[in-house]
Structure formats: structure tokens, C-alpha cells
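Okay, thanks for coming, everyone. I'd like to walk you through one structure today, so let me put it on the screen.

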Amino acid sequence: MVGYDPKEDGRSNSKFEVAVAGSVSGLITRALISPLDVIKIRFQLQIERLSRSDPNAKYYGILQAGRQILQEEGPTAFWKGHIPAQLLSIGYGAVQFLSFELLTELVHRASLYDAREFSVHFVCGGLSACAATLTVHPVDVLRTRFAAQGEPRVYKTLQDAVVTMYRTEGPLVFYKGLTPTLIAIFPYAGLQFSCYSSLKHVYEWVMPADRKHSENLKNLLCGCGAGVISKTLTYPLDLFKKRLQVGGFEQARATFGQVRRYRGLLDCTKQILQEEGAQGFFKGLSPSLLKAALSTGLVFFWYELVCNFFHCLKRTDS
């Protein structure tokens, strides 16, 4: 069960176990979906149309982008920025799931609403993601910079990136793109948690008791569905965030095509609409949906698996 469940009070996981489960789920998922994340970021940052008919387009398809990155930069390119990405995933997962557990328990203790309602999971999921974002956003900026740079690399190591960015762009560089991130993450995470819970109820209703597959399969499939729904509805804001995060980083983007400077969220929205059209807001949607399905499914799958593991340990000890 994700979030506080009053029916399991006394048998639920400790707050420490919830944080560990969130961290483990983030760590494993990040390692598996990193290649898709790199392709998605490259698509989002490309000014030219993602079309084979555009002679200036460096990337125009998932398979083509994968082959080109592999040929030009080698297999390690798919895990560029993996260290900051792992720090991001571990910290984010711990804070998000722990915050969600605490918030849903608070709602129940206050006797305001049923802690398992769709609206409660939506609001608590959004708030928990905002708390996690504020905690790890600097690492997200570092991850994006590493994934976005080509060859030769501007940043050689994580320490080099932190020092260079701080010296050349100031401390606020680590919070670039925070506004669209917070605006996007609240409904995105809210929909993830609420849709995951709702889809599990639908799954249990559709699948009769004697035909149910394993609990793990249910968690994986419902997580995938929640990821696709939430990502589709909030995608443009994710693209704005990525564009803003690489501001001041134009020299490393030169080999990928045109680069642009944006003065803020509204200016970014305006320029993309004028130059790339409304479809520009959805650049990289295909790999993003694939990544969202896999990452959300795997995150909930591993989280529930680790929580169940802790339950088994407790039963063994008792």
C-alpha cells in the first residue's frame, strides 16, 4: 500500500522503512531508464523540428537518436550525468514517499477525509513531490547539464560542474527552471499517486478473484498506466523546465543545432510557440511517455516490493 492505510495501522512500515523503500525504488529505476531520459532531454532541447524532412534536425526519432548518440559518443553517453541523476533519484524517492506517508496519515488523524480518496492522494502526492523537488532541484539541474552536453565535454566531473556553474553563473543557477518544475510537478505527481490508487481498484474490479495475476504485476501495470496519464497531461511544463535549466550553457549545445536564450517561463513559452508552433510544446513526448510508463511502473513496483520485504522480515522476527 502506498501512503497511510488506517486498516493496517500497527502493521504498517516505519517511516525509516518508507524512506529506504523510496530510495531503493528510485535508484533501481534510474539505472534502468537512463538511456530514455538522455534521448528525451536531447529531443526537448532541440530547436529544429523532430522530423526527417528537416535537414538541420540532428535527431528525429527514438531509434535514430539512439544510434547517433551511440556512434558519436559511445554507450556511456546514455548514462551521462548518472551520478547526479542517482543522487536525485535516491533523495527524491526518499523525501517524496516519506512526505506522502506523513501527509496521508495527517489527513486521517485530523479526520478530515478518507486517506484513500482520489482527491487526498492527488493533493498529498502533489505536495510531497514539491517538497522533494525543493530538496533535490540543484541535483536535477546538474543532471540536465550533464545529459545535455556533447563532446568535448564542458564539465569533466561533478565537482567541476558545481564549481564552474557557481563561479560563472552564481548560486541561483542551481534553481534554474524551479518555477515551471513546481507548477508541473504538483499535478504530475498528484495524478501519479491518485491514478495509481484508482487503477489498482479498477484492476481488482476487472480481474475476478480466481483470475488475478500476482500482486507485483498489478503494481507494475497500474504504475505504468498512471505514468502515461500524468505525463501526457503535464508534458509542456517539463519541456519548459529543461529549456530554462540549460540557459547560460549555450556553448555546449552548439553541436546539436540552434540554441536560444530565454528570459523566463513566459518568454520561453512565447518563443517556442512563435518558432516551433504548438507541436513544439510536445517535442520528445514519445520517449517521455515510454520513460514515464517504465519509470512510474518500476518505482511503484520496487517501492511495494521493498515494503513487502520489510513486512516479511518483521513476521520472521516475530
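I'll go through some helices, then the cysteines, then two single residues.

Quick ground rules before that. This is a predicted model, so local features need pLDDT of at least 70 and side-chain atom pairs count only at pLDDT 80 or more, while totals for chains, interfaces and linings use all residues. Residues are numbered from 1 along each chain as its sequence is written, and side-chain values use heavy atoms, with hydrogens and water left out.

Right, helices. Those are DSSP runs of H or I, at least four residues, numbered from the N terminus, and strands are E runs of at least two. Take α1, residues 15–45, and α7, residues 215–245: their axes come within 9 Å and cross at roughly 80 degrees. Axes here are lines fitted to C-alpha atoms, for helices over the stretch in contact, with angles from 0 to 180 degrees between N-to-C directions. That crossing makes α1 roughly perpendicular to α7, a label that covers 65 to 115 degrees; under 35 is roughly parallel, over 145 roughly antiparallel, and the rest oblique.

Who's touching whom? On the α1 side we have Lys40, Ile41, Gln44 and Leu45, and they meet Tyr235, Asp238, Leu239, Lys242 and Arg243 of α7. Contact means heavy atoms within 4.5 Å.

Now α5, residues 158–169. Its 12 residues, at 1.5 Å each, should span 16 Å, and the end C-alpha atoms are indeed 16 Å apart, so that agrees. The expected span is 1.5 Å times one less than the number of residues. Right after α5 comes Gly170, with a positive phi near 85 degrees.

On to the cysteines. How many disulfides does the structure hold? The count is 0, where a disulfide is a pair of cysteine sulfur atoms within 2.5 Å. For Cys268, the closest cysteine sulfur is in Cys130, 20 Å off, which is too far for a bond. Cys307 isn't in a disulfide either; its nearest cysteine sulfur, in Cys312, is 11 Å away. Cys268 is buried at 0% relative accessibility, and Cys307 is buried at 4%. Buried means under 20% relative accessible area, exposed is over 50%, and partly exposed is in between, using a 1.4 Å probe and protein chains only.

Last, two single residues. Thr133 sits in α4, residues 118–148, and is buried at 5%. Setting aside neighbours within four places in sequence, Thr133 contacts Tyr92, Leu178, Thr181, Leu182 and Ile185. Val246 is in the loop between α7 and α8, and counts as buried at 8% relative accessibility.
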